[in-house]
2 protein chains.
Amino acid sequence: MLASLGLSKSTVSRALNGYADVNEETRKKVINGAQEMGYKPNATAKRLASGKSRNIGIILPSSNQLFVSSAFSKVLAGVSNMLAKFDYQLIVTTVSALQDEQQVYFDFITSGLVDGLFIVRTRINDERICLLKKHHFPYVCYGFEQGYEADSFVDVDNEQAFYLLTKRQIEQGHVRIAFLDAPSNLTLSQARQQGYLKAMKEADLEIDAHWLLNAELNESGAMKMTKSLMALAHRPTSILCADDNMALGTISACEELGYAPGVDVAIAGYGDYEHSIYSKPSITTIKYDTLAVGEEMAKLMLNKLENKQFKIHNWYSTEIIVRQSDANVAVR
Amino acid sequence: MLASLGLSKSTVSRALNGYADVNEETRKKVINGAQEMGYKPNATAKRLASGKSRNIGIILPSSNQLFVSSAFSKVLAGVSNMLAKFDYQLIVTTVSALQDEQQVYFDFITSGLVDGLFIVRTRINDERICLLKKHHFPYVCYGFEQGYEADSFVDVDNEQAFYLLTKRQIEQGHVRIAFLDAPSNLTLSQARQQGYLKAMKEADLEIDAHWLLNAELNESGAMKMTKSLMALAHRPTSILCADDNMALGTISACEELGYAPGVDVAIAGYGDYEHSIYSKPSITTIKYDTLAVGEEMAKLMLNKLENKQFKIHNWYSTEIIVRQSDANVAVR
DNA sequence: TTGTAAGCGTTATCAT
DNA sequence: ATGATAACGCTTACAA
């Protein structure tokens, strides 16, 4: 400790933590002293005394794609960046398929290890949110469903994004438009589906139930679905995908079947992953500000935990990036 | 607390932590009691009392690709998985280009926030390692350079991998083989370069200095380099890349220049990223067990921190996955 | 403005 | 085998 300065530890504590009731002379002395002797307050002790861990947790499924999507990595980077600015740390844990997810969340809540939790890949009627609400535990979601409170979520406007993407297909003359959505238990899948349906209905187009499928957000799932799609008598001329990885799989499947993607079939994705521009054909996709989404998640958390007054920005806009995969399809 | 059982907290502590000097009857009573009343020891208090944080940190550059490479995400997942099994948490922080990296590391070391640090993307003469060594702070590296101790690193055999990859090109008849290496300050770049040079020398092939370039591990860097490469009078017939993203950029650049990748020019990458199989041409690449590397990093850390006796497995093997990008090039 | 002292919820060292 | 009691290194009333 800084006893060498002849000051009590309370004064030191107050000086270092920017309390007002400290003589500025004293404060300088303390700060300089700390500097010189390389004094660093012990993080754990601070946490115990203050009752706050200054850790925020995020629990990721160790198996699936989410951890791997390049877009999501950037979201994480945004979160971590912003938290670090306010001396908070991000704790990343994975939960495997073998573990009881609710239990993992419960353990986090009750251990005092984290002050708040991020929830990603929100699900319809998400049990994780129920749990956190029940325990009055601070959380921020990446994802939205009716009933989420404005201080607790960030999302892109999935419905609008896929409404516009579908509309674009319609404007290009497509009539038979399929949508390979993400797993149906996700809130984003529901929203995107609504956007798709809205555009189709507005244009008074038939919606064949076979054209609306769900699969994991990866290449192989999309390949399988595409094959069933293209085997239909009434096969689609345009296939919308829930992300760029799926679009990649769809492109691949079409080729295997002898259809030229981007020529015989229009394809579009979501996320603007790094590789999408290098795909052949390059992938028409939906772009959004991944880093900003992450930062916003952190801000909302800080609003809750530190009574910060960051302006709430729930919804992030998207933009269609037109590339080859859906640009040159002559619709018969 | 469990006072309701009429036991002192020391007894409760001992019972819960599996100490030998506790009556088994008592232990059962305590464990059941804890179960029933949902008692959870406070993580922060444990940490303060024991002097250990049970957190391991990893500091990632917020800007570059590393955070984004799909391979690396899996490494992270492996780390987190294994740590969680032993009740350790992974703390992920990012350091932006604006911040003083050494300072960020120093703060971590001295704050008591983490008991150990992972170092990734090791650099030649890595200052981070110097710092940690100086402070006798536990660390484990992903990467290797002469002098690293066996208990402190995990790596794939980069030299061998690129030796074999280069050799493969030679066996296919290539004589002018270029190598787009990663930034030259990384240990992996040095090792890979050595592998490349070894194979070239063994085959007594000319090594044009123009054929050996460095760039960031992304598409655009590789594109630029490829263009300079293909403008050479003595242009290469085979281009090896330090990862699959670079290979993607190289493919794209070749096409732009009117060379058919996989036909006019052989191209290969490293990492077996998800998209590589869907590229056109699909990318010949080097695969390794990403999850296992992550788990091994965690094990080495646990060896240091908990005196675990996990068998040390420093080197991870690689395997060439042959695909189209380097398989059908007729060498003149 | 500064100091004193109690407490945060554990672990660890003694006795008993 | 169990219980007091003192740390652990801070924060935070409350006193001075």
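Start with the place where the two protein chains meet: the contact draws 37 residues from chain A and 37 residues from chain B. Keep in mind as you click around that this is a predicted model.

Now select the face of chain A that touches chain B. Pick out α3, α4 (70-85), β2 (89-95), α5 (101-111) and α10 (244-257), since each of these supplies at least two residues to that side. Which element gives the most? Colour α4(A), which contributes seven residues to the side of chain A that touches chain B. Then try colouring this side by residue class, and you should get 13 nonpolar, 18 polar and six charged residues.

Next, show β2(A) along with strand β2 (residues 89-95) of chain B. The two run antiparallel, and three bridges join them. For a handy landmark, label A:Ile91 and look across: B:Ile91 in β2(B) stands opposite.

Time to move to the DNA. Select strand C and bring up its surroundings, which come to 22 residues. The closest are A:Ser10 and A:Asn23 from one chain, plus B:Ser13, B:Ala45 and B:Ala49 from the other. Highlight α1 (9-16) and α3 (43-50) in chain A, then α1 (9-16) and α3 (43-50) in chain B; these are the elements giving two or more residues to the surface near strand C. Which one gives the most here? Zoom in on α3(B), with five residues.

For a last stop, colour the surface near DNA strand C by class: nine residues are nonpolar, ten are polar and three are charged.

Methods: Residues numbered from 1 in each chain as written. Chains lettered and ligands numbered in written order. Predicted model: local features only at pLDDT ≥ 70, side-chain atom pairs only at ≥ 80, totals over all residues. Near = placed C-beta within 6 Å. Helix = DSSP H or I, 4+ residues; strand = E, 2+ residues; numbered from the N terminus. Nonpolar A, V, L, I, M, F, W, Y, C, P; charged D, E, K, R; others polar. Contact = placed C-beta atoms within 7 Å. Pairing = 2+ DSSP bridges.
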